[in-house]
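Please look through the following structure one contact at a time. The text begins with the DNA and then turns to the two protein chains.

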Protein chains: 2
Amino acid sequence: MNVTGNTRRQPSIRDVATAAGVSHQTVSRVINDHPSVKSATRERVNRAIEELGFRRSATALALASGRSQSVTVLTANTTHHGYASVLQGVEEAARKAAYGVGISVLESADEQTVAAAVQRAGDSVGGLIVIAYDPAGVAALAAADPDLPVVGVVETPADPPPHDRLWVWTDDRQAAYEATGHLLSLGHRNVHYVAIPSGTRRVSARTAGWQRALEDAGAAVPEVVHEGWGPESGYAAGSRLARDPEVTAVLCGNDDLALGVMRALHEAGRSVPGDVSVVGFDDAPHSAFVTPTLTTVRLDFSGLGRSAFDLLHGLLTRSTPVKPHSAAVPELVVRESIAPPRHL
Amino acid sequence: MNVTGNTRRQPSIRDVATAAGVSHQTVSRVINDHPSVKSATRERVNRAIEELGFRRSATALALASGRSQSVTVLTANTTHHGYASVLQGVEEAARKAAYGVGISVLESADEQTVAAAVQRAGDSVGGLIVIAYDPAGVAALAAADPDLPVVGVVETPADPPPHDRLWVWTDDRQAAYEATGHLLSLGHRNVHYVAIPSGTRRVSARTAGWQRALEDAGAAVPEVVHEGWGPESGYAAGSRLARDPEVTAVLCGNDDLALGVMRALHEAGRSVPGDVSVVGFDDAPHSAFVTPTLTTVRLDFSGLGRSAFDLLHGLLTRSTPVKPHSAAVPELVVRESIAPPRHL
DNA sequence: CTGAAAGCGCTTACAG
DNA sequence: CTGAAAGCGCTTACAG
């Protein structure tokens with residue numbers, strides 16, 4: 001009626017219907033690719049859509065249909081390389097499926113905070129992806145409503161996930177095993193481990209892999225150095241480790257930690273890799289450009305994010321029977337920061 | 001009616017109304033903190049809300065009221081430190097205001113891609129924050145519908161933003177000026193600049209600051225080395241710069257670039273800071289732990305993200321007259337990577 | 001202070 | 001193949 005009027009309102013399905021001389025019903029069929037529409041009608045509708053610049057309201061779609069075409073990722077962090085890459089992978093896969101992605105960060109592992117965040121996230125969204133590498137994430141995964149579609153991005157689990165839960169992971173247990181084994185094969189009698197904060201109360205996957213490698217080689221298992229996530233944590237750990245001349249090889253839970261360890265060793269006058277070999281985890285972009293370049297385990301985080309989304313998408317659309325699966329296998333990238341120990 | 005039934009449906013405003021013996025109307029008033037509700041009624045409603053575990057549907061709210069309580073950030077990247085930190089800042093401020101945040105990444109600066117992304121983002125959302133540090137972001141900012149609430153996170157603009165646009169920035173022009181000045185004051189006769197890709201066709205803010213500092217000091221302005229964002233770009237630039245013995249100081253558009261430059265210099269046998277001083281931009285977390293520790297400009301990205309959200313929030317709620325404003329001033333963090341040139 | 005009506009822009013059965 | 005009706009869960013005037 002108001003075709004030539006210049007109201008700012010977005011054209012609705014009804015405006016399109018009027019313009020095309022059909023019911024809004026039929027417009028709905030056309031935009032949903034419903035087969036039973038005469039092609040002449042379809043064309044008329046599409047032309048009207050084009051002319052009016054119609055865009056279907058995602059909000060109305062969500063309200064009327066119950067499917068929201070969006071997921072939100074719940075994470076304790078957005079800046080660390082692994083987290084940011086997972087997020088990027090999720091977004092990439094979601095975009096291809098015409099899904100939106102929301103992000104909600106967990107400020108702490110505090111029960112109340114986590115519960116509030118999980119609720120908020122679950123409120124207006126089809127499904128949830130929670131990055132559960134840390135205590136906050138693990139708590140969130142546990143706190144999520146059982147009938148909300150959720151997939152967790154987790155460390156290699158010791159046991160398969162509960163059957164009502166979908167998880168995705170890379171085999172970093174195996175990766176830690178191999179990295180440690182590589183160091184031992186170089187002649188090191190021992191490998192120390194500087195751990196990232198574990199999400200679970202039990203031994204983390206990386207820790208387990210490292211420990212197993214030492215045991216398999218008949219080497220003593222030194223105490224794990226527990227630290228935070230950032231380079232300053234690695235620095236603190238490295239300062240302590242530097243005082244022990246027996247320490248000739250250090251595996252770190254991530255690259256930032258490894259950089260901190262290398263710096264502390266440097267300041268203590270112990271050279272890397274001359275006196276001590278250092279290995280990181282994640283293969284952050286700058287790790288190949290520090291001096292010495294850092295030997296590290298490359299993890300396909302964005303692939304992990306894509307998998308997480310695909311899994312969730314399957315769950316939401318019930319299209320294919322979905323199964324938890326692990327992503328690309330980790331790969332040890334050998335660079336300058338490791339060498340045989342002096343005593344050889 | 002079905003109070004004891006165990007349907008899985010979330011309780012609605014109507015269920016609450018029935019339980020409290022009022023109209024759904026009144027429930028709406030209560031959850032919106034409308035003043036004109038008798039406190040006895042209010043209490044009854046609140047009790048019902050509590051008991052039923054009612055949570056207001058954000059979708060219905062958005063559809064009925066037109067305000068969506070969410071914003072989306074449009075960005076070309078999620079992993080670089082600056083971008084990730086801006087995103088984190090936005091999320092933090094949004095969470096405090098009970099807003100959701102969506103993220104949409106721009107795969108390329110290609111016109112079609114950008115247009116599609118902007119449309120998608122603008123579809124189901126209250127407002128848009130676009131990170132416009134790069135060509136894709138700048139294109140997105142330009143492509144956004146003029147009557148969609150948008151705030152841009154931009155480089156220091158040469159001219160004030162168009163009056164219908166809200167921008168936020170840190171004064172990195174000034175920061176580049178100071179960093180360059182500091183290098184000159186150390187005795188360097190010249191400072192080269194390795195630039196990040198500029199969003200605009202014109203000279204970027206950082207480039208302008210650097211250039212001005214050289215001019216003010218009467219130094220020659222060498223050609224800008226144009227590179228990408230990552231350390232490998234810095235490495236490429238550094239390799240070229242290393243061949244010129246006249247090069248004694250290099251300012252880089254970001255820390256990753258700086259690391260790449262330092263690595264290339266190292267491989268070329270030129271020591272940092274002995275032969276060449278290197279300064280970065282951003283103060284990424286690891287920059288204080290590489291060797292030599294990196295002198296860099298600290299930028300308050302998360303503060304910038306918070307400002308961006310606040311600005312947008314004001315725009316959306318029309319609560320306060322909002323004005324574009326710049327965030328915390330950048331600060332030069334002097335570390336080991338710079339020194340007076342050899343010739344002194 | 002509170003309720004009955006209409007509507008936001010869609011979809012989902014139900015008819016024909 | 002297409003339309004008329006009802007509804008998703010809220011809010012926004014309009015009455016009283």
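A polar contact is a pair of N or O atoms within 3.5 Å; within protein, one atom must be able to donate a hydrogen and the other to accept it, and residues adjacent in sequence count only if both atoms are side-chain atoms. By this rule, an N or O atom in the side chain of Arg14(A) lies 3.4 Å from a base nitrogen of DNA strand C. This is a predicted model, in which local features need pLDDT of at least 70 and side-chain atom pairs count only at pLDDT 80 or more, while totals for chains, interfaces and linings use all residues. Residues are numbered from 1 along each chain as its sequence is written, chains are lettered from A and ligands numbered from 1 in the order in which they are written, and side-chain values use heavy atoms, with hydrogens and water left out.

Two other side chains reach phosphate oxygens of DNA strand C: an N or O atom of Ser28(A) at 2.5 Å, and one of Thr26(B) at 2.7 Å. In total, 28 residues surround the strand; a residue is near a strand if one of its heavy atoms lies within 4 Å of it. The closest are Gln25(A), Ser28(A), Gln25(B), Arg29(B) and Thr41(B). Of the strand's atoms within 4 Å of the protein, 57% belong to sugar or phosphate and the rest to bases.

Which helix gives the most to the surface near DNA strand C? It is α4(A), with four residues. Helices here are DSSP runs (H or I, at least four residues), as are strands (E, at least two), and both are numbered from the N terminus.

The two protein chains also touch each other. Contact means heavy atoms within 4.5 Å, and 43 residues from chain A and 43 residues from chain B take part. The size of an interface is often given as the accessible area lost when the parts come together. Buried area is that loss, found with a 1.4 Å probe and summed over both parts. Here chain B and chain A bury about 4,000 Å², 58% of it on carbon and sulfur atoms. On the side of chain B, Arg95(B), Arg263(B) and Phe289(B) lose the most area, together 17% of what that side buries.

Arg95(B) also forms a salt bridge with Glu107(A), their closest N and O atoms being 2.8 Å apart. A salt bridge is a side-chain nitrogen of Lys or Arg within 4 Å of a carboxyl oxygen of Asp or Glu, and four are found across this interface.

Methods:
Buried area is the accessible area (1.4 Å probe) that two parts lose on being put together, summed over both.
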